[in-house]
Amino acid sequence: MAQALEAESDVEMILGLGTKEPRFPLERTEFVRSDQKYSILSRIVRATQVDTIVHTFLETNSIAVPSRVLHEINVIGTLNLLAAAGASGTSVRKVIVKSSAHVYGAAPEDPAWFREEDTRTGPVRTRLERSLLEVESLVRDFADDNPRLDVTVLRFAHVLGTDIITPISHSLRRRLLPCIAGFDPLVQFVEEDDVVRALEFVTSHRVPGVFNVAGEGKLPWSEVASISGAHLLPLPPVRPRLFAAPLQRLAGVRFPPEMEGLVTYGRGVDTSRLREAGFDYRYTSAGTVQSFARANNLRRATGSTIPEYRYEQDVEQFFRHSPAVVRGIDS
Amino acid sequence: METVGKARSSGHPDDRDFIDAIVGHTPSGEARAAEESDGAPGTPELTGASVSYLPVATRRHEPEATIDEARRSDVDEWGRSEHMRSIVRRLYDPMYRYWFRVEWEGLEKIPTEGGALLVANHAGAIPSDAPAIMHGIETELGRPVYGLADYFFRTVPGVGTMWSRTGGVPAHPDNAYRILHDQGQLALVFPEGTKATSKTYSDRYRLRRFGRGGFVEIAMRAGVPIIPIAVVGAEESMPMLFRMNGLAKALNLPYFPVTVNSLLLGPLGYVTYFPAKFKLRVLDPITFDVEPGLERYSRSRVMDEAERIRGTMQDTLHDMLRQRRSVWFG
């Protein structure tokens, strides 16, 4: 995200905040280490007078952290972030929150395509979904209380990409994709690049509101397996998690609770609102799976797991500072 | 990672200029097109505006695949697969032709293009009318039909997937609107729902309540005509004697039928129909002179229209039954 923003020449300064040091050399970004709850954020905001906060640290991946920590990161982290952004005399004009389509759940009564204003039809059963819904309601309240701020919420479908580990990508890397016997639902994916581009898009445009983000089209779960050369691992339709638990030990298959509804009924989100706002995708849902599978093949062949830095520093330097480059009208 | 950005277009603190600065910053469409066509980022002919764009647009970002080349199957966004449909059509065709000997009347009233909502009466403990209607229209008119049905089907392993691949769609108003309005396809709906299929043989050809008239509202919103279809024969193909409510509850089914077929053939009776003669009559399309696309329509108007359609269909059924001489030969 910061890499992409650095390329924008009218961004004066970028400030990164995270619990870990960034893995890439970031040229113009100042990085501050923080704890997971962002308790220092309000001081930073006051000291630097930033005008945009992009909240990408929401954990939408329940295998990455224990569930208690998940609540801590998501709900308490967001509370601190919103408190910092909404403090009196704040310089912040825009808050962007990266959420997930998990808020819609997955139930048989669902429409084929969820629009942003639709609410979920099934009950909230998993901790991840509960924490995301809580965060979204906090953000909604914040937007109501601070009408002069632009608050944008992006709800992403399942993200696939080289840098990110999710239960699905984890399974695809092991070429063993859990499914529920007798069900072959339709699912959507979004490429990591499109995630970054969407965040960049809403950062540089004025588009308050809630937006779904997902690649075009849907594809059956079995096709996800066939495109990526994985085998389907059927679990019984009744209590699948009971059977998935020993498999997790044996084969490293991850099957968190929020996957259960998804691989039974699937989920689709309507992405027309973000499209109408002017964003266009580079990858379709199927294209995302294919590009992930190809990246995986490459990884298997070359053995490299370290993602490359996209914007070569020398080239970047050249474009930014060399007198040979014809300057754009805005610089 | 958390990113806090500070964006300022020098000297223009207000939003309007802020946005303008961004717009001025993005490359013009033709510069982008030129760059894509010659494939060499950094050719000197490019305008200055695209130079600031260049570091973002490395070659790696080219779209890797379009939907056509990445896909492996022809399953569409509703789960329908034309390939699967053609297999089912081949298997079902002898049944359609020689078992039920389906006869259509007024098939030309179904449009060959554009959306329309087909509305039919429902019958048979395990309904035999939906496959016959879908098969008939797909073979005669060569266009797909999406069967809207209760989401209950989705929850049954195997059946749910098969139902979806062969054109079944959960009957959600949003789904219907998309199929009819956005995609201009045909959708088939049985407004009586399971109230019709769970009725006993003694109630045959008596139309149940047409739900809450939701199908009329959907057609109004999508701006498509409703085309009623009266079906005779399905009632006799699997007549129900009584329901076993306790068993249904235990199995989590809407109802559990005890049919004549099952008494004669045992469990095989649940997959075997009697060879009743099927006659289908397509009635005149009904259009509504209301503005499409509204969130809500007058409740009384919707209920009146639904009741009127129900009445017309009931009259047609009586008329067809008066003319019928034999259950088996029509």
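Two strands count as paired if DSSP finds at least two bridges between them, and the helices (H or I, at least four residues) and strands (E, at least two) are themselves DSSP runs, numbered from the N terminus. Everything below comes from a predicted model, where local features need pLDDT of at least 70, side-chain atom pairs count only at pLDDT 80 or more, and totals for chains, interfaces and linings use all residues. Residues are numbered from 1 along each chain as its sequence is written, chains are lettered from A and ligands numbered from 1 in the order in which they are written, and side-chain values use heavy atoms, with hydrogens and water left out.

**View 1. Strand S6 of chain B sits between two parallel partners.** S6(B) covers residues 186-189. Strand S4 (residues 145-149) of chain B runs parallel to S6(B), and four bridges join the two. Look for Gly147(B), whose bridge partner in S6(B) is Leu188(B). S3(B) is also parallel to S6(B), again with four bridges, and here Leu117(B) stands opposite Ala187(B). Side chains in a regular strand alternate between the two faces of the sheet. In S6(B), Leu186(B) and Leu188(B) are on one side, Ala187(B) and Val189(B) on the other, and all are buried (under 20% relative accessible area; exposed is over 50% and partly exposed in between, with a 1.4 Å probe and protein chains only).

**View 2. Pull back and you see the open sheet of chain B.** Its seven strands come in the order S2-S10-S7-S3-S6-S4-S5, with mixed pairing. Strand S2 (103-105) and strand S5 (168-170) of chain B are the edges, each pairing on one side only. On average, neighbouring strands are turned by 25° against each other, direction ignored (axes are lines fitted to C-alpha atoms, for helices over the stretch in contact, and angles run from 0 to 180 degrees between N-to-C directions). Strand S3 (residues 116-120) of chain B runs parallel to strand S7 (residues 226-232) of chain B, joined by four bridges; Val119(B) has Pro228(B) as its bridge partner in S7(B). Helix H14 (residues 299-323) of chain B packs on this sheet and touches S3, S7 and strand S10 (279-282), its direction making about 30° with that of S7(B). Contact here means heavy atoms within 4.5 Å.

**View 3. Helices H8 and H10 of chain B cross obliquely.** H8 (residues 173-182) and H10 (residues 214-222) of chain B pack at about 45°, with axes 9 Å apart. That angle makes H8(B) oblique to H10(B): under 35 degrees would be roughly parallel, over 145 roughly antiparallel, 65 to 115 roughly perpendicular, and the rest is oblique. H8(B) passes H10(B) in a right-handed crossing (the near helix is turned clockwise from the far one by less than a right angle; anticlockwise would be left-handed). H8(B) brings Pro173(B), Ala176(B), Tyr177(B), Leu180(B) and His181(B) to the contact, and H10(B) brings Ile218(B), Arg221(B) and Ala222(B). That's six nonpolar residues, one polar and one charged (Ala, Val, Leu, Ile, Met, Phe, Trp, Tyr, Cys and Pro count as nonpolar, Asp, Glu, Lys and Arg as charged, and the others, Gly among them, as polar).

**View 4. Over in chain A, helices H3 and H4 run roughly parallel.** The axes of H3 (residues 67-85) and H4 (residues 127-145) of chain A come within 9 Å and cross at roughly 5°. Residues in the contact include Leu70(A), His71(A), Leu79(A) and Leu82(A) from H3(A), and Arg127(A), Leu132(A), Val135(A) and Phe142(A) from H4(A). The contact residues divide into eleven nonpolar, five polar and three charged.

**View 5. Strand S5 of chain A is covered on both faces.** S5(A) spans residues 150-156, and seven of its seven residues are buried. Asp150(A), Thr152(A), Leu154(A) and Phe156(A) are on one side, with Val151(A), Val153(A) and Arg155(A) on the other. Strand S4 (residues 94-100) of chain A runs parallel to S5(A) through seven bridges, and Lys98(A) has Leu154(A) as its bridge partner.

**View 6. Glu116(A) is tucked into a loop, buried at 9% relative accessibility.** The loop in question lies between S4 and H4 of chain A. Leaving aside neighbours within four places in sequence, Glu116(A) is in contact with Tyr104(A), Arg155(A), Val210(A), Phe211(A), Asn212(A), Asp270(A) and Arg273(A).
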